[in-house]
Amino acid sequence: MSTQILKKTPENTPAVQRKMTLRDPIAATVMAALTVILALLSKGKSVFSWSGATSWFTIPNTHIPSKPTIAILAVIAIALTVYIWRVAQQRREASGWFLVGVATCFVIAFLIYTVAGRESAHLPVISLLIGGIAFATPLVFGALSGVVCERSGVINIAIEGQLLLGAFMGAVVASLFKNPYLGLIGAPLGGMALAVLLALFTVNLRTDHIIVGVVLNMLAVGITSFMYSTVLKQNAESLNANYSLGAIRIPVLADIPVIGPVLFNQSILVYLMYFAVLFLQFMVFNSRWGLRMRACGEHPRAADTVGIKVNATRWRNVLLGGALAGLGGAFFTVGQGLAFSKDMAAGNGFIALAAMILGRWNPKGAAAAALLFGFATNLGAIMQAVGSPIPSEFLLMIPYIITILAVAGFVGAVRAPAAEGKPYP
């Protein structure tokens, strides 16, 4: 007689044996409570501007009564929160879409409250979305860099430095050849230069990945600050001029209402970001290259037994990750039409790491998390422009707060690749 042993998983574990998870209920309660507070504080009407939504026709401004609209959103958020609590008490796991629904109600309520009671203050929806995608661009490239490195087993804390060197090389190469598009070739080379050191110390010399990453970030800051203060300042016109990629408008698609100008009237760097996310999402999970990369990050000994060269795979992926991060760094210079200045990355490399964790080491998940950070960053700038009663500094803190929550594990049970940070053999 054969005996079948059933592995105990959350799906087949009896509800009475499961631990009650309070993470989602608490998060939903906080957001629902904030939505209620916004409903109590709001007054008057809110005006949403759709200027630039399409060239085919004019979309008039939308006038919304703030208090009743936010009140309806609060009721929906409370109902979803009650359901999440009920499911948690039954020791079952609710779909993540319910928590997303609560978050959506809160975000919409917050946007309505931002311009409530000020007829002269319009919230520019199209500018908010376009700027959000632009600010997310370096974060997406940085998060993708982390994905390809850590999926192969190398922790890449040096994304910040790679972004910075990418911005530096992008500006210098564009200035030397007086062509911003050539800066997109120089930027990945800058990121790869730092990636060579990362791979050398972590893969060959078996040094602690975290320590090496921190030191390389300091090295990048030191080198770029020295070069900026000496060579670039003395030769600003030839080595550090302002060159911009400019927007490339895709005919017809750019005129689709709302979506068109947001997605299809961007610079080539943003279009490269779209391609990189889709391409890596397919390659990581649907190609032999992706399978070998994931094998090296999960079980390198098993990968070695079937003929995969683990350290060579890690070397290639670290270089690819450096190129991706360097390309993201080009956003700070040629992407925005700015000259290079000290510490332009401004902590975006660490936010990109948080986006990677929030996205569960998945390209599309990391991109979605990066878009959230980019939206929050641009919202702070927009709020300052429209004169919101909420200080914009609080919104500018959002990406860093979420970063802390992500690395602290508040986002849930995310599992890093099993062999990440472990040398082989």
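**Exercise 1. Backbone at the end of α5**

Task: In this predicted model, state what sign of phi Lys-178 takes just after α5, then find which other residues, Arg-206 and Val-252, carry a phi worth noting and where they lie.

Solution.
- Step 1. Lys-178 follows directly after α5 and has a positive phi of about 55°.
- Step 2. Most residues other than glycine have a negative phi.
- Step 3. Arg-206, in the loop between α6 (180-204) and α7, has a phi near 60°, which is positive although the residue is not glycine. Its relative accessibility is 45%, so Arg-206 counts as partly exposed.
- Step 4. Val-252 sits in the loop between β4 (248-249) and α9 (259-263). The phi of Val-252 is positive too, near 70°. With a relative accessible area of 56%, Val-252 is exposed, because the cut-off for exposed is over 50%.

**Exercise 2. Length and burial of α5**

Task: Work out what span the 19 residues of α5 should have, and compare it with the distance between the end C-alpha atoms. Then state how many of the residues are buried.

Solution.
- Step 1. The expected span is 1.5 Å times one less than the number of residues.
- Step 2. For the 19 residues of α5 this gives 27 Å.
- Step 3. The end C-alpha atoms of α5 are 27 Å apart, so expectation and model agree.
- Step 4. Of the 19 residues of α5, 16 are buried, and the helix is therefore largely enclosed by the rest of the structure.

**Exercise 3. Packing of α5 on α7**

Task: Describe how α5 (residues 159-177) packs with α7, and place Asn-217 in that picture.

Solution.
- Step 1. Two packed helices are described by the angle between their axes and the distance between the axes.
- Step 2. For α5 and α7 the angle is about 25° and the axes are 8 Å apart.
- Step 3. That makes the two helices roughly parallel, because angles under 35 degrees count as such.
- Step 4. The crossing of α5 past α7 is left-handed.
- Step 5. On the α5 side the contact includes Ile-159, Glu-160, Gly-161 and Leu-164. On the α7 side, Asn-217, Ala-220, Val-221 and Thr-224 are among the residues taking part.
- Step 6. Asn-217 lies in α7, which covers residues 209-234. Leaving aside residues up to four places away in sequence, Asn-217 touches Ile-157, Ala-158, Ile-159, Glu-160, Gly-161 and Phe-350.
- Step 7. Asn-217 has 7% relative accessibility and so counts as buried.

**Exercise 4. Cysteines**

Task: State how many disulfides the structure holds, and explain why Cys-149 has no bond to Cys-296.

Solution.
- Step 1. There are zero disulfides.
- Step 2. The cysteine sulfur closest to that of Cys-149 belongs to Cys-296, at 13 Å, which is too far for a bond; the cut-off is within 2.5 Å.
- Step 3. Seen from the other side, Cys-296 is in no disulfide, and its nearest cysteine sulfur is that of Cys-149.
- Step 4. Cys-149 counts as buried, at 0% relative accessibility. Cys-296 is likewise buried, at 0%.

**Exercise 5. An unusual peptide bond**

Task: Is the peptide bond from Tyr-424 to Pro-425 cis or trans, and where is Pro-425 found?

Solution.
- Step 1. Most peptide bonds are trans.
- Step 2. The bond from Tyr-424 to Pro-425 has an omega near 5° and is cis.
- Step 3. Pro-425 belongs to the segment after α17 (398-407).

Note on methods:
Residues are numbered from 1 along each chain as its sequence is written. This is a predicted model: local features need pLDDT of at least 70, side-chain atom pairs count only at pLDDT 80 or more; totals for chains, interfaces and linings use all residues. Side-chain values use heavy atoms; hydrogens and water are left out. Helices (H or I, at least four residues) and strands (E, at least two) are DSSP runs, numbered from the N terminus. Buried means under 20% relative accessible area, exposed over 50%, partly exposed in between (1.4 Å probe, protein chains only). Contact means heavy atoms within 4.5 Å. Axes are lines fitted to C-alpha atoms, for helices over the stretch in contact, and angles run from 0 to 180 degrees between N-to-C directions. Angles under 35 degrees count as roughly parallel, over 145 as roughly antiparallel, 65 to 115 as roughly perpendicular and the rest as oblique. A crossing is left-handed if the near helix is turned anticlockwise from the far one by less than a right angle, and right-handed if clockwise.
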